[in-house]
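Thank you for asking me to look over this entry. My notes follow as numbered points, and I suggest keeping the structure open beside them while reading.

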Amino acid sequence: MRIAALAGPTRPTAPRPHEALAALAHRLQAFQFLLDRFWPEPGSRRIVDLGAGHGLFAQIAARRGFSVTAVDARPQWTLADALSIGRKQPSRARPEVAWIEGDVRSFDTAGFDVVLAIGLTYHLPLQAQRDFLRRTAGQATVIDTEIYDPSDPDAAACERLRPVVLDGYDGALCRETGDLWSSIDNEESFWPSHDAMLRMCAGAGRASVIAVGAPYRSRFGWRQWYVLDGPLP
Ligand SMILES: C[S@@+](CC[C@H](N)C(=O)[O-])C[C@H]1O[C@@H](n2cnc3c(N)ncnc32)[C@H](O)[C@@H]1O
């Protein structure tokens, strides 16, 4: 009997696939809950998914009957791309989602009924986040973001995060990685505290902010879903 060994990857890629997939599965469920709760009837609503990345949130919305446009500065990537498995080639967008390659900082969201910024805003600097919140004021906006809490052990242990107070907003500066999940050209982004997030929304003239569900864990501390200027529960 011949016995052989086949060398595999020497160490898991970061983030480790099972963790990343479990976290994404949880977020996809949360998004579906949120759609059920706030927009159970898609009607003829138009949704724009900013920073769409792999496009799964956009596809869920499209399958429910929304008219969906996805925007990302990168060509649509797949989870296999993100986890460094399979071929690193952009996948084709699903036909039901219009895919636009562009910078969310200058993308005009006028005419869309719902704006999605899922896993996006914490990849932007503070001023770009404030501009975005002001530009989309009055439009229903779904945000899923990292929330910085300096007392959280995972946040404190993350060497990419540096606590700051900028223009009165407390949070952290995060060193971006340059991978598929990351910012386009800014080397640092701003992660607000929950309080700073609420004050940024107020300062941008948002009419309402609903924190949807409890904060949930990421590798770096807490994340939170928010619906701004949407239907009130
Ligand atoms: C963390 S991924 C989020 C992907 C998906 N929305 C999710 O939550 O799983 C962030 C995405 O935003 C995109 N992105 C970051 N900065 C951007 C910018 N200024 N303009 C357009 N896309 C940007 C990245 O290319 C990446 O696909």
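1. The space taken by the ligand is the largest pocket, and because this is a predicted model, every value below should be read as computed from predicted coordinates. The volume of that pocket is about 1,000 Å³, and 49 residues line it, of which G119, Y122, H123, W181 and R223 are the closest to its centre.

2. It helps to ask which elements of secondary structure supply the lining of the largest pocket. At least two residues each come from α1 (17-38), β2 (67-72) and β9 (209-218), and the largest share, six residues, is supplied by α1.

3. Sorted by class, the lining of the largest pocket consists of 22 nonpolar, 12 polar and 15 charged residues. The shell around the ligand can be sorted in the same manner, and there the classes are 10 nonpolar, eight polar and five charged residues.

4. Turning to the ligand itself, 23 residues surround it, and the closest of these are R27, H54, D72, R74 and I118. A student may wish to find these five in the structure before going on to the individual atom pairs.

5. Which side chains place an N or O atom beside a nitrogen atom of the ligand? In D103, such a side-chain atom is 2.9 Å from a ligand nitrogen, while in R105 the corresponding distance to a nitrogen atom of the ligand is 3.5 Å. An oxygen atom of the ligand, for its part, lies 3.0 Å from a polar side-chain atom of W77.

6. How much of the ligand's exposed area does the protein bury? Taken alone, the ligand exposes 600 Å², and 99% of that area is buried by the protein.

How values were computed. Residues numbered from 1 in each chain as written. Predicted model: local features only at pLDDT ≥ 70, side-chain atom pairs only at ≥ 80, totals over all residues. Heavy atoms only, no water. 1 Å grid on protein atoms, 1.4 Å probe; cavity = no way out; pocket = protein on both sides within 12 Å on 5 of 7 lines; lining within 4 Å. Points joined across faces, edges and corners; volume = space filled by probe spheres on them. Helix = DSSP H or I, 4+ residues; strand = E, 2+ residues; numbered from the N terminus. Nonpolar A, V, L, I, M, F, W, Y, C, P; charged D, E, K, R; others polar. Near = heavy atom within 4 Å. Polar contact = N/O pair within 3.5 Å; in protein donor to acceptor, adjacent residues only side chain to side chain. Areas by Shrake-Rupley, 256 points an atom, 1.4 Å probe, with all protein chains shown as cover. Sits in = over half its atoms within 2 Å of the grid points.
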